[in-house]
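Here is a protein to get to know from scratch. Have a look at the model first, and then we'll walk through it together.

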Amino acid sequence: YPSGKMLELDYNQLEIVGQAWLSGDENLTQDIKNAVDMHCRRVSTKFGISYEDAVYWCKDESAPEHHLWKNRRTGAKAFSFQRAFGAGATKIAEGTGMSVQEVQDMILAEEALYPRIPEYNAKVAKAVQDTAYPFRDPNMGGRVFRKGVYIAPTGTRYTFRSWDAPDYLKKRGIQDTFKSTEMKNYPVQGTSGELVQLVLGKLFRMFLQKNNYGGKAVLVNTVHDCVWADVSQEVLLEVAQDMKRVMESIPEYIQETYNLPCHVPFRVQAEAGDNLYNKEHLTIGAS
């Protein structure tokens, strides 16, 4: 639209929120409800300071040594990203510049803070092991490996295959293993993305019911945790407010569709601009 804006609504920390729902971890759920900055939380854990001090030093430009603490938060973001993909201590250390011991200490502290996450990971791994069956891989000379299944609360089946075991396990007679990184990551990433796709159906129907806001707004695209619309300036706030209401209704959708409780809020934030490169935060009032 000549007088329009590109509108983007983006879920906050989608995978972390999805992980909180799947694991049922009360502490993580409460942190999400309190809008805790998870990167500052990890800085506070690593350096043994209060969360409030971490937020102040990392985010307040007037704070002493702000640049140093800001960089430490950036390192925590890298830790967060790799943890979300199931990376182990050695891999995270390589990617962040921290020592393996530092990473291991952070992982142990985080598991103590959010104990139901490792419990959930163990549940997934057990389901995969318990359902494992043999198959021959023609790309590996016909060698026999295994496949196992984990079924998410939404009913989606995640099938995992085993791979060549590392040498130290082969010495113990174990020839193949499932990748813990895959089992930790795929259900969380997949289920989180699946919930967004379900909400897209609600958004599409809403736009149809409103006749694309009298021809002044149209859904454009989505990439995993965000949705874009091309919107005339005169209906920008109305569309943003409606989209926010629908996108944040995931807990109600889960209850209605799967008859499962969901106490974790799926919050979104909005940005708008002349194109997808140049956008500014958009403040949306209560719906």
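Is Ala132 buried, partly exposed or exposed? Ala132 counts as partly exposed, because its relative accessible area is 27%, and the partly exposed class runs between the buried limit of 20% and the exposed limit of 50%. Keep in mind that we're looking at a predicted model.

So where does Ala132 sit? Look for the loop between helix 8 (116-130) and strand 2 (133-137). Leaving out residues up to four places away in sequence, Ala132 touches Arg146, Lys147, Gly148 and Phe178. Phe81, on the other hand, is 51 residues away from Ala132 in sequence, and the two C-alpha atoms are 29 Å apart in space.

**The whole protein**

Let's step back from that one residue. The protein has 287 residues, and 43% of them count as buried. The chain forms 13 helices and 9 strands. If you drew a box around the C-alpha atoms along the principal axes, the box would be roughly 70 × 50 × 35 Å.

How much of the contact pattern joins residues at least 24 apart? Among contacts between residues at least 6 apart in sequence, the share is 57%.

As for the outside, the protein exposes about 15,200 Å², with carbon and sulfur atoms supplying 52% of that area. Charges come in both signs: there are 34 positive and 36 negative side chains. The centres of these two sets lie 7 Å apart.

**The largest pocket**

Now for some empty space. Rolling a probe the size of a water molecule over the atoms shows where such space is left. The largest pocket holds about 390 Å³. Its lining is made of 18 residues, and Gln13, Leu14, Glu15, Ile16 and His39 are the closest to its centre.

Which elements give at least two residues each to that lining? They are strand 1 (4-11), helix 1 (14-23), helix 3 (38-47) and helix 5 (66-84). Helix 5 gives the largest share, with 4 residues.

Leu14, one of the residues closest to the pocket centre, deserves a second look. You'll find Leu14 in helix 1. Leu14 is buried, because its relative accessibility is 1% and the limit for buried is under 20%. Setting aside its neighbours within four places in sequence, Leu14 is in contact with Ser192, Val196, His224, Asp225 and Phe266. Pro187 is 173 residues away from Leu14 along the sequence, yet their C-alpha atoms are 13 Å apart.

**Pairs across the sequence**

Several of the residues in this tour come with a partner from elsewhere in the chain. Here they are side by side, with C-alpha to C-alpha distances.

| Pair | Apart in sequence | Apart in space |
|---|---|---|
| Ala132 and Phe81 | 51 residues | 29 Å |
| Leu113 and Glu26 | 87 residues | 9.9 Å |
| Leu14 and Pro187 | 173 residues | 13 Å |
| Asn278 and Met6 | 272 residues | 9.2 Å |

Two residues in that table are still new to us. Leu113 belongs to helix 7 (residues 100-113). Leu113 is partly exposed, because its relative accessibility is 28%. Apart from neighbours within four places in sequence, Leu113 is in contact with Asp25, Asn27 and Arg41.

Asn278 lies in the loop between strand 8 (268-273) and strand 9 (280-282). With a relative accessible area of 45%, Asn278 is partly exposed. Not counting residues up to four places away, Asn278 touches Ala272 and Gly273.

**Two positive phi angles**

One last stop: the backbone. What is the phi of Ala35? Ala35 has a positive phi of about 55°, although it is not a glycine. You'll find Ala35 in the loop between helix 2 (26-33) and helix 3. Is Ala35 buried or exposed? Ala35 counts as exposed because its relative accessibility is 57%, and exposed means over 50%.

Asn212 also has a positive phi, near 50°, and is a residue other than glycine. Asn212 is found in helix 11 (residues 211-215). At a relative accessible area of 28%, Asn212 is partly exposed.

Technical notes:
Residues numbered from 1 in each chain as written. Predicted model: local features only at pLDDT ≥ 70, side-chain atom pairs only at ≥ 80, totals over all residues. Heavy atoms only, no water. Buried < 20%, exposed > 50% of the residue type's maximum accessible area, 1.4 Å probe, protein only. Contact = heavy atoms within 4.5 Å. Areas by Shrake-Rupley, 256 points an atom, 1.4 Å probe, with all protein chains shown as cover. Lys, Arg positive; Asp, Glu negative; His and termini not counted. Charge placed at Lys NZ, Arg CZ, Asp CG, Glu CD. 1 Å grid on protein atoms, 1.4 Å probe; cavity = no way out; pocket = protein on both sides within 12 Å on 5 of 7 lines; lining within 4 Å. Points joined across faces, edges and corners; volume = space filled by probe spheres on them.
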